[in-house]
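Here are some exercises to work through with the model open beside you. Try each task on your own before reading its solution.

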Amino acid sequence: MMDRKQALRAVARNVTDDDIVLPVYSTAFDWIDIRPHPLNYLSHGAMGLASSHALGLALGRPDKRVIVLDGDGSLLMNLGTLVTAAEAAPKNLFHFVCENGTYEANGGHPIPGRGSVSFAGMARSAGYKSVHEFSDLKIFEQQVGAILAEPGPVFVCLKIVSSGDQERDYSRLHGPHVRKAFREALGAG
């Protein structure tokens, strides 16, 4: 099992200034500390919809790599997006799922199927072009650059340890200034 922050740092080392990154909930807080950037699309208040937002951005902006940093609980709320993304097959979509077996943002309650569901298996069955699964940080660090160079859609399951119940300042994710910075960085004024 990996520490989420260490896994995210490995991703961040391979992200460019032109990439759109969609981190959700607990991952969003870690991500904006690791890599603050105006093209971080902070999908707050929409649990389960980050993968759908990422698909829309990938289809609408094929000139940009779109990386969604999803959670297992969030993905469970919108499993249909796996089939939709696989069918649409945007070459610029990279779907990372941080699997810790909990709805971490909602108090760490266990997800259904905890320990038995295979998110990588679901993505494979849905038709994702490329599917990876990691529980060892060193191996992930060695391979993440090559994975982000593959044609999408790509699905990556990261087996992580839960960071536990933490106080979060959601004002860091909310607000018109965050949306305005994203629009400006995207060139949508």
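**Exercise 1. Find the residues with the most contacts inside the largest nonpolar core, then work out which elements supply this core.**

Solution. Keep in mind that this is a predicted model.

Step 1: The largest nonpolar core has 29 residues, and those with the most contacts inside it are Ile20, Leu22, Leu57, Val66, Leu93, Tyr128 and Phe155.

Step 2: Now look at where the core comes from. At least two of its residues are supplied by each of β1 (20–23), α3 (50–60), β2 (66–71), α5 (80–88), β3 (93–99), α6 (119–126), β7 and α8 (176–186). The largest share, 5 residues, belongs to α3.

Step 3: Pick out tyrosine 128. Beyond its neighbours within four places in sequence, tyrosine 128 touches Leu82, Ala85, Ala86, Leu93, His95, Ala123, Pro153, Val154 and Phe155.

Step 4: Don't stop at one core. There's a second, separate one of 24 residues, and it includes Val11, Ala12, Phe134 and Ile147.

A bit of background: in soluble globular proteins, nonpolar side chains tend to be buried together.

**Exercise 2. Describe strand β6 and its surroundings.**

Solution. Step 1: Locate β6 at residues 130–134; 4 of its 5 residues are buried, so the strand is largely enclosed by the rest of the structure.

Step 2: Look for its partner. Strand β7 (residues 154–159) runs parallel to β6, and 5 bridges join the two. In this pairing, glutamate 133 sits opposite cysteine 157 of β7.

Step 3: Follow the chain from one strand to the other. Together with helix α7 (residues 137–147), β6 and β7 make a right-handed β-α-β unit.

Step 4: Zoom in on valine 131, which lies in β6. Its relative accessibility is 16%, and the cut-off for buried is under 20%, so valine 131 counts as buried. Setting aside neighbours within four places in sequence, valine 131 is in contact with Ala120, Ala123, Arg124 and Phe155. Its C-alpha atom is 9.5 Å from that of histidine 95, which is 36 residues away along the chain.

**Exercise 3. Decide how cysteine 98 and cysteine 157 stand with regard to disulfides.**

Solution. Step 1: Recall that a disulfide is a covalent bond between the sulfur atoms of two cysteines.

Step 2: Count them here: the structure holds 0 disulfides. For cysteine 98, the nearest cysteine sulfur is that of cysteine 157, 8.6 Å away. A disulfide needs the two sulfur atoms within 2.5 Å, so this pair doesn't make one.

Step 3: Check burial. Cysteine 98 is buried, with a relative accessible area of 4%, and cysteine 157 is buried too, at 0%.

**Exercise 4. Look at two loops and say what stands out in the backbone.**

Solution. Step 1: Go to the loop between α7 and β7, where you'll find proline 153. The peptide bond leading from glycine 152 to proline 153 is cis, with omega near 0°.

Step 2: Move to alanine 89, in the loop between α5 and β3. Alanine 89 isn't a glycine, yet its phi is positive, at about 50°. With 34% relative accessibility, alanine 89 counts as partly exposed.

**Exercise 5. Sum up the whole chain.**

Solution. Step 1: Count the elements: 8 helices and 7 strands.

Step 2: Turn to burial. Of the 189 residues in the chain, 51% are buried.

Step 3: Take the contacts between residues at least 6 apart in sequence; 72% of them join residues at least 24 apart.

Step 4: Finish with the surface: the chain exposes about 8400 Å², of which carbon and sulfur atoms supply 52%.

Key. Residues numbered from 1 in each chain as written. Predicted model: local features only at pLDDT ≥ 70, side-chain atom pairs only at ≥ 80, totals over all residues. Heavy atoms only, no water. Buried < 20%, exposed > 50% of the residue type's maximum accessible area, 1.4 Å probe, protein only. Pairing = 2+ DSSP bridges. Right-handed = clockwise from strand over helix to strand, strands pointing away. Contact = heavy atoms within 4.5 Å. Core = buried A, V, L, I, M, F, W, Y, C linked by side-chain atoms within 4.5 Å. Areas by Shrake-Rupley, 256 points an atom, 1.4 Å probe, with all protein chains shown as cover.
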